[in-house]
Amino acid sequence: MSELTLTVMRLGFLAVLWLFVIVAVQVIRSDLFGTRVTQRGSRRGNASDTRAQQQNTGGGRQQAAPPQQQRQRRGAPTKLVVSEGSLTGTTVALQGQTITLGRAHDSTIVLDDDYASSRHARIYPDRDGNWIVEDLGSTNGTYLDRNRLTTPQPIPLGAPIRIGKTVIELRK
């Protein structure tokens with residue numbers, strides 16, 4: 001074998017070795033620090049917003065303010081807090097929009113949990129200002145205060161919502 005061929009093979013092996021080291025460091029870093037959760041703005045053109053606008057338009061009637069501008073009642077929760085799991089300490093402000101939970105990357109809270117489904121559950125406000133949790137047909141279920149959800153249920157303030165190893169609560 002010529003000296004040039006041997007040198008090229010050595011450099012190629014060295015490049016593959018460094019590529020392996022870089023990938024291994026990235027995997028370890030993602031295991032240690034988890035996935036990055038970003039705050040997303042509310043989506044435009046929700047069907048509920050459109051319906052509310054259609055119902056509120058009419059002869060001489062004044063339109064009601066959108067849910068984000070309405071005053072919250074006293075004692076109502078203002079944030080959703082992850083109290084257990086890989087995202088402990090994560091807080092999402094409750095602004096009247098639907099919050100989706102699951103492993104899918106387009107979820108509001110992306111759960112890095114083996115027991116969570118892609119589209120696991122959703123939390124949304126009803127017309128009375130209460131927050132409702134609904135299981136979206138997940139494999140392992142969603143639990144509200146130790147009870148498995150079979151239908152959408154209102155969430156009491158401070159009641160734990162368990163999805164796999166993750167626990168979420170509504171707080172003031």
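The following dialogue asks how several descriptions of this predicted model are justified.

Reader: What makes up the protein chain, and in what order do its elements run?

Author: The protein chain holds two helices and eleven strands. Read from the N terminus, the order is α-α-β-β-β-β-β-β-β-β-β-β-β. Of its 172 residues, 26% are buried. The chain exposes about 12,300 Å², and carbon and sulfur atoms supply 52% of that area.

Reader: Why is Phe13 called exposed?

Author: The word exposed is used for a relative accessible area over 50%. Phe13 has a value of 60%, and therefore Phe13 is exposed. This residue is found in helix H1, which covers residues 3-33.

Reader: What makes the nonpolar surface patch that includes Phe13?

Author: The patch is made by Leu11, Phe13, Leu14, Leu17, Trp18, Phe20, Val21 and Val25. Its area is about 850 Å². A residue needs over 30% relative accessible area to belong to a patch, and Phe13, at 60%, meets that condition.

Reader: Why is Leu111 called buried?

Author: Buried means under 20% relative accessible area. The value for Leu111 is 2%, so Leu111 is buried. Leu111 lies in the loop between E4 and E5. Beyond its neighbours within four places in sequence, Leu111 is in contact with Leu87, Leu101, Gly102, Arg103, Ala116, Ile163 and Thr166. The C-alpha atoms of Leu111 and Gly164 are separated by 9.4 Å, while the two residues are 53 residues apart along the chain.

Reader: How do you know that Glu134 is buried, and where is Glu134 found?

Author: The cut-off is again under 20%, and Glu134 has 19% relative accessibility, so Glu134 counts as buried. Glu134 is found in strand E6, residues 131-135. Leaving out residues up to four places away in sequence, Glu134 touches His120, Ala121, Arg122, Tyr124 and Pro152.

Reader: What makes the pair of Glu134 and Arg122 a polar contact?

Author: A polar contact requires N or O atoms within 3.5 Å. The side chains of Glu134 and Arg122 are joined by such a contact at 2.7 Å.

Reader: Why is the pair of Arg162 and Glu84 called a salt bridge?

Author: Side chains of opposite charge can pair when their charged atoms come close. The cut-off for a salt bridge is 4 Å between the nitrogen and the carboxyl oxygen. The closest N and O atoms of Arg162 and Glu84 are 3.7 Å apart, and the pair is therefore a salt bridge. Arg162 lies in strand E10 and Glu84 in strand E1, so the pair ties together parts that are 78 residues apart in sequence. Partly exposed residues fall between the cut-offs of 20% and 50%; Arg162, at 35%, is therefore partly exposed, as is Glu84, at 39%.

Reader: How many salt bridges does a search of the whole structure find?

Author: The search finds four salt bridges. One of them joins the side chains of Asp106 and Arg119, with 2.7 Å from N to O. Asp106 is in the loop between strand E3 and E4, and Arg119 is in the loop between E4 and E5, 13 residues apart. Asp106, at 40% relative accessibility, counts as partly exposed, and Arg119, at 46%, also counts as partly exposed.

Reader: Which of Glu169 and Arg171 is buried, and which is partly exposed?

Author: Glu169 has 16% relative accessibility, under the 20% cut-off, and so counts as buried. Arg171 has a relative accessible area of 34% and is partly exposed. The side chains of Glu169 and Arg171 meet in a salt bridge at 3.0 Å, N to O.

Reader: How do you know that Asp113 has no salt bridge?

Author: The nearest side chain of opposite charge, Lys165, is 5.4 Å away. The cut-off is 4 Å, and therefore the pair does not qualify. Asp113 is nevertheless buried, in the loop between strand E4 and strand E5.

Reader: What polar atoms and residues does the side chain of Asp113 meet instead?

Author: A polar atom of the Asp113 side chain lies 3.0 Å from the backbone nitrogen of Tyr115. The side chain also makes a polar contact with that of Thr166, at 3.5 Å. Apart from neighbours within four places in sequence, the contacts of Asp113 are Arg103, Ile163, Gly164, Lys165 and Thr166.

Technical notes. Residues numbered from 1 in each chain as written. Predicted model: local features only at pLDDT ≥ 70, side-chain atom pairs only at ≥ 80, totals over all residues. Heavy atoms only, no water. Patch = residues over 30% accessible without salt bridge, like charges linked within 9 Å, V, L, I, M, F, W, Y side chains within 5 Å. Areas by Shrake-Rupley, 256 points an atom, 1.4 Å probe, with all protein chains shown as cover. Helix = DSSP H or I, 4+ residues; strand = E, 2+ residues; numbered from the N terminus. Buried < 20%, exposed > 50% of the residue type's maximum accessible area, 1.4 Å probe, protein only. Lys, Arg positive; Asp, Glu negative; His and termini not counted. Polar contact = N/O pair within 3.5 Å; in protein donor to acceptor, adjacent residues only side chain to side chain. Contact = heavy atoms within 4.5 Å.
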